[in-house]
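Subject: Structure handover

Dear colleague,

I am passing on a structure that you have not worked with before, and I would be glad if you could look it over before reading my notes. The sequence and the coordinates are shown just below.

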Amino acid sequence: MKPINKKSLARRWSIGLFGVAVFLAVEGGSLVAKQNSQAQVLEQRSEEINQCGAQVMPFDLSLTTHTFATDTNGGSQIVVANDPSDSSQIKLIQAHLQEEAGKFSDGDFSDPATIHGAEMPGLAELQRGADRINVQYEPLPNGARLRYSSNDPTLVAVLHEWLGAQNTDHNGHYGGMSH
């Protein structure tokens with residue numbers, strides 16, 4: 001049996017560990033680059049959504065919080081003024097969501113299409129199935145809520161998809177999604 005050359009073995013281990021370290025550094029660098037790229041895309045999309053949203057929504061987006069939630073029958077959209085004493089923003093929120101409730105009940109989803117694009121997930125299905133979706137407006141002390149519900153399981157799934165798409169597009173500026 002040949003004796004083990006400790007120097008040779010140590011050199012092989014060092015070369016192997018160096019190779020692993022280089023591999024991890026390169027792979028880690030590409031992962032960081034991918035994450036930075038994804039963050040830039042999300043930030044750019046969020047800015048586009050904010051610009052389009054400002055054209056559709058009469059209240060100041062920077063002074064309000066939007067929350068999208070799903071439940072077993074559909075979900076809800078809540079818009080509130082960040083300052084509960086800001087009666088001007090509250091009135092604008094309430095008037096806008098009351099108007100949207102009527103439009104959505106009639107199958108008119110043109111405002112979300114303007115903000116998110118005509119290819120927004122769930123939008124076409126909601127327009128076609130509007131007569132099977134119940135949209136309820138509810139004023140809140142600091143804003144308003146729209147509740148969306150349906151007895152059609154397919155439309156409930158579409159509502160979940162649509163609310164999720166809004167949450168994704170409004171990433172950061174808005175309150176977010178809850179279940």
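What follows is a description of the strands, of the nonpolar core, and of two residues, Tyr148 and Ser150.

Please keep in mind while reading that this is a predicted model.

I begin with the strands. Strand β1, which covers residues 64-71, pairs with β2 in the antiparallel sense over eight bridges, and a hairpin of two residues joins β1 to β2. Within this pairing, Thr65 has Val80 in β2 as its bridge partner. On β4, β2 is again an antiparallel partner, this time over seven bridges, and here Ile78 stands opposite Arg145 of β4. Strand β3, made up of residues 134-140, also runs antiparallel to β4 and is joined to β4 by seven bridges, with Asn134 bridged to Ser149 in β4. As with β1 and β2, the link is a hairpin, and two residues carry the chain from β3 to β4. β4 therefore pairs with both β2 and β3, and this strand is mostly covered, since five of its seven residues are buried.

The largest nonpolar core comes next. Of its 27 residues, those that touch the most other members are Ile93, Phe104, Leu126, Val135, Leu146, Tyr148 and Trp162. Two or more residues are given to this core by each of β2 (74-81), α2 (87-105), α4 (123-128), β4 (143-149) and α5 (153-169), and the largest share, six residues, comes from α5.

Tyr148 deserves a separate look, and its contacts beyond four places in sequence can be followed one by one in the model. They include Asn73, Gly74, Gly75, Ser76 and Gln77, as well as Asn134 and Val135, and further Phe104, Leu159, Trp162 and Leu163. Among these partners, Phe104, Val135 and Trp162 are, like Tyr148, named with the core residues that touch the most other members.

Where, finally, is Ser150 found? Ser150 sits in the loop between β4 and α5, and this residue counts as buried because its relative accessible area is 6%, which is under the 20% cut-off. A polar atom of the Ser150 side chain lies 2.8 Å from the backbone oxygen of Arg132. Not counting residues up to four places away in sequence, Ser150 touches Arg132 and also Asn73, Ile133, Leu155 and Val156.

With kind regards

Terms used:
Residues are numbered from 1 along each chain as its sequence is written. This is a predicted model: local features need pLDDT of at least 70, side-chain atom pairs count only at pLDDT 80 or more; totals for chains, interfaces and linings use all residues. Side-chain values use heavy atoms; hydrogens and water are left out. A nonpolar core is a set of buried Ala, Val, Leu, Ile, Met, Phe, Trp, Tyr and Cys residues joined through side-chain atoms within 4.5 Å. Buried means under 20% relative accessible area, exposed over 50%, partly exposed in between (1.4 Å probe, protein chains only). Helices (H or I, at least four residues) and strands (E, at least two) are DSSP runs, numbered from the N terminus. Contact means heavy atoms within 4.5 Å. A polar contact is a pair of N or O atoms within 3.5 Å; within protein, one must be able to donate a hydrogen and the other to accept it, and residues adjacent in sequence count only if both atoms are side-chain atoms. Two strands pair if DSSP finds at least two bridges between them.
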